[in-house]
Amino acid sequence: MGKMNEAPAPTATGNLIDGPNTQNDDTRHPSMTTDAQAPTTDGFHLVIDALKLNGITNIYGLPGIPITDLTRKAQAEGMRVISFRHEQNAGNAAAIAGFITQKPGVCLTVSAPGFLNGLTALANATTNCFPMILISGSSEREIVDLQQGDYEEMDQLAIAKPLCKAAFRVLHAEDIGVGVARAIRSAVSGRPGGVYLDLPAKLFSQSMDAEAGRKSLIKVVDPAPRQIPAPDAVKRALDLLKGAKRPLILLGKGAAYAQADADIRALVEKTGIPYLPMSMAKGLLPDTHPQSAAAARSYVLAEADVVMLVGARLNWLLSHGKGKTWGGPKQFIQVDISPTEIDSNVAIAAPVIGDIGSCVSALLAGIDGSFPKPPADWTGAIGERRDKNLTKMAETLAKNPSPMNFHSALNVVRDIVKANPDAMLVNEGANALDFTRSIVDMYKPRKRLDVGTWGIMGIGMGFAVAAAIETDLPVIAIEGDSAFGFSGMEVETICRYNLPVCVVIFNNNGVYGGKDVNPTGHSDAAPTVFVKGARYDKLIEAFGGVGVHAETPAELRRAMEEAVRSRKPTLINAVIDEGAGTESGRITSLNPQAAKKK
Ligand code: FYN
Ligand code: ADP
């Protein structure tokens, strides 16, 4: 579970600062200074101390009124403060830091517009079940509540509430400890998610007795308590699984988050059941594992009779558990921490509610040598489909068209990731996302970070920065040219912190591709088309990074190898055939069709 309890205790003195009357005031009479000389602390330092006390060492944010000094003081107090160029990217960084570490990632923003920019990431974190705390400075309550027109006036708490798991405001310095503790617990316990913490400007300069301040802080004990599943629920699930003729295990990003890697692998291997990873669960077992049914996806979803979901929701990514994708009737087992997730789309025959670590270990305890192996005709049929798809894929990957297409470029990325299985892979786009997901095998858990539950663009550089900061491992970001645009300015951030990030832009001149034309003949480009032949590599050079223009797989390979080896911030402009993409990639069916005929 969370590692917050391992945080070092703060120093004995904490963040004591001098009281207002104690600085070199030699005119004071000693007898009159006893109380005034008692060390005091303030809101700034209490926030920092409360975070540090709970093992939170990194802040992702963007300084400005009223939190500029908070960022300075946090850095001075030994926290790592990573400043971004736009709050949404800082927020995405915090969110993915939460996913990687099980500690809430902290994003710090200024009031009103800064807060709103960060809020998109907070909502996305909540949707994805990533633990995150958005701390935002806010303007004066008295003025905001009377709507008298304050600088950056906004009732931020009210706006944040529907978009996150919990929202709190702290008005008094002595409540900072409670506020931070509540935020941490809300973010990581149960189903993880985003939490908003509103800190009005006046709070930061409030001072209080240092010792009382220190005592007001809370070191959260057991922030994400284990939730043990009921034995009868476990038995019900095992009975169902035992009777299955065509069982399937479906692993979601909740399973990756849970850090129960060894037990999950044991569950798959001991039962011998084929498994299908959702995109961010790839690598939980290596994608090359013989039980992986990833390359027979359509077949297993349609044909399975009992499906055990582990940390995956039956949302749009799984066609809501019904319809053509799911073929004939089937029964579901669902392992999840959230009881209200059950039956959200279809009936769940065997819910197992608890944390995945505890649930999987309880399931494992019920699996011995007598547990029936899945019938050979089922595993054989999957193997046949998988091998057919793998062979087809290998043939496609071996082609070397000019210009490059997604496949020939990703063939290189696939090799680089295979040679560097510890590297973190960030991935966004439409075609750039979909092709990477199926072509690039992952070998270790929590290495693949992508657009997640909403399928959003804009996570790229924020995720890349946090992946580098949290792990110190090389990061490879495979970006569609459109997706990159949402967070592209953060290449300056990557250079500023000298992060080992290699951004590869699959540049096909537009959204989905670059071939659209304006039907009116006007000189405006078509809505999906960008500047043709853009040189994104020049962008990073402006900040001292390495820019490479790659037109062939050989050039791409050389540049990626060098980037991973050197750990230098690198941006590779990989030129892709502008006709290579399809509209919306694999989800083109989600585009509404015009009913009106011309
Ligand atoms: C998978 N496949 C493979 C492999 N892996 N073939 C060969 N080799 C390998 N390694 C096969 C798999 O069996 C499928 O074929 C097909 O490739 C596609 O597999 P994928 O990508 O896993 O599955 P699919 O059908 O695309 O999954 C649906 C989805 C997915 C909704 C889960 O598309 C998804 O995650 N989409 C996110 C989209 C998104 O967020 N886009 C951003 C917005 S874009 P068959 O079995 O033959 O079907 C805005 O416009
Ligand atoms: P995917 O997109 O990969 O299918 P989802 O985000 O839809 O995954 O589902 C993740 C699920 O995992 C959520 O329903 C969430 O409640 C659950 N979850 C997250 N963390 C845990 C945990 N530690 N234990 C149990 N369930 C968890």
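## A walk around two ligands and a few odd spots

The shell around ligand 2 is a mix: eight of its residues are nonpolar, six are polar and five are charged. Keep in mind as you look that this is a predicted model. In total, 19 residues surround ligand 2, and the closest ones are Arg191, Lys253, Arg313, Asp336 and Ile356. Try finding those five in the viewer before you go on.

Now zoom in on some of the contacts. Asp336 has a side-chain N or O atom 2.5 Å from an oxygen atom of ligand 2. Arg191 also reaches over with its side chain, placing a polar atom 2.8 Å from an oxygen atom of the ligand. With Gly311 it's the backbone that takes part: one of its polar backbone atoms sits 3.3 Å from an oxygen atom of ligand 2. On its own, ligand 2 has 580 Å² of accessible area, and the protein covers 97% of that. Which helix gives the most residues to this shell? That's helix H12, residues 253–257, which supplies three.

Let's move on to ligand 1. Here 23 residues gather around the ligand, and Ser298, Arg437, Ser438, Tyr512 and Arg586 come nearest. Sorted by class, the shell holds 13 nonpolar, six polar and four charged residues.

Once again you can pick out backbone contacts. Polar backbone atoms of Ala294 and Ala295 each lie 3.2 Å from an oxygen atom of ligand 1. A little further along the chain, Arg297 has a polar backbone atom 3.1 Å from an oxygen atom of ligand 1. So how much of ligand 1 does the protein cover? Out of the 1,000 Å² of accessible area that ligand 1 has on its own, the answer is 81%. Three elements each give two or more residues to the shell: helix H14 (297–303), helix H16 and helix H18 (431–439). H18 has the largest share, with four residues.

H16 is a handy landmark for the next stop. The loop between helix H16 (376–398) and helix H17 (406–419) contains Pro403. The peptide bond leading from Ser402 into Pro403 is cis, with omega near -5°. There's another cis peptide bond between Ile65 and Pro66, where omega is about 5°. You'll find Pro66 in a loop too, running between strand S2 (58–61) and helix H3 (68–76).

While we're on backbone angles, have a look at two residues that aren't glycine but have a positive phi. For Gln147, phi is near 50°, while for Asn509 it is about 70°. Gln147 is in the loop between helix H6 (141–145) and helix H7 (156–160), and Asn509 is in the loop between strand S17 (501–507) and helix H22 (537–541). Are these two buried or exposed? Gln147 counts as exposed because its relative accessibility is 65%. Asn509 has a relative accessible area of just 12%, so it is buried.

Finally, head out to the surface. Trp316, Ile587 and Leu590 make a nonpolar patch there of about 270 Å². One of them, Ile587, belongs to the segment after strand S19 (570–575). With a relative accessibility of 36%, Ile587 counts as partly exposed.

Conventions. Residues are numbered from 1 along each chain as its sequence is written. Chains are lettered from A and ligands numbered from 1 in the order in which they are written. This is a predicted model: local features need pLDDT of at least 70, side-chain atom pairs count only at pLDDT 80 or more; totals for chains, interfaces and linings use all residues. Side-chain values use heavy atoms; hydrogens and water are left out. Patches are made of residues with over 30% relative accessible area and no salt bridge: like charges are joined within 9 Å, nonpolar side chains (Val, Leu, Ile, Met, Phe, Trp, Tyr) within 5 Å. Accessible areas come from the Shrake-Rupley method with a 1.4 Å probe; for residues, only the protein chains shown count as cover. A salt bridge is a side-chain nitrogen of Lys or Arg within 4 Å of a carboxyl oxygen of Asp or Glu. Buried means under 20% relative accessible area, exposed over 50%, partly exposed in between (1.4 Å probe, protein chains only). A residue is near a molecule or strand if one of its heavy atoms lies within 4 Å of it. A polar contact is a pair of N or O atoms within 3.5 Å; within protein, one must be able to donate a hydrogen and the other to accept it, and residues adjacent in sequence count only if both atoms are side-chain atoms. Ala, Val, Leu, Ile, Met, Phe, Trp, Tyr, Cys and Pro count as nonpolar, Asp, Glu, Lys and Arg as charged, and the others, Gly among them, as polar.
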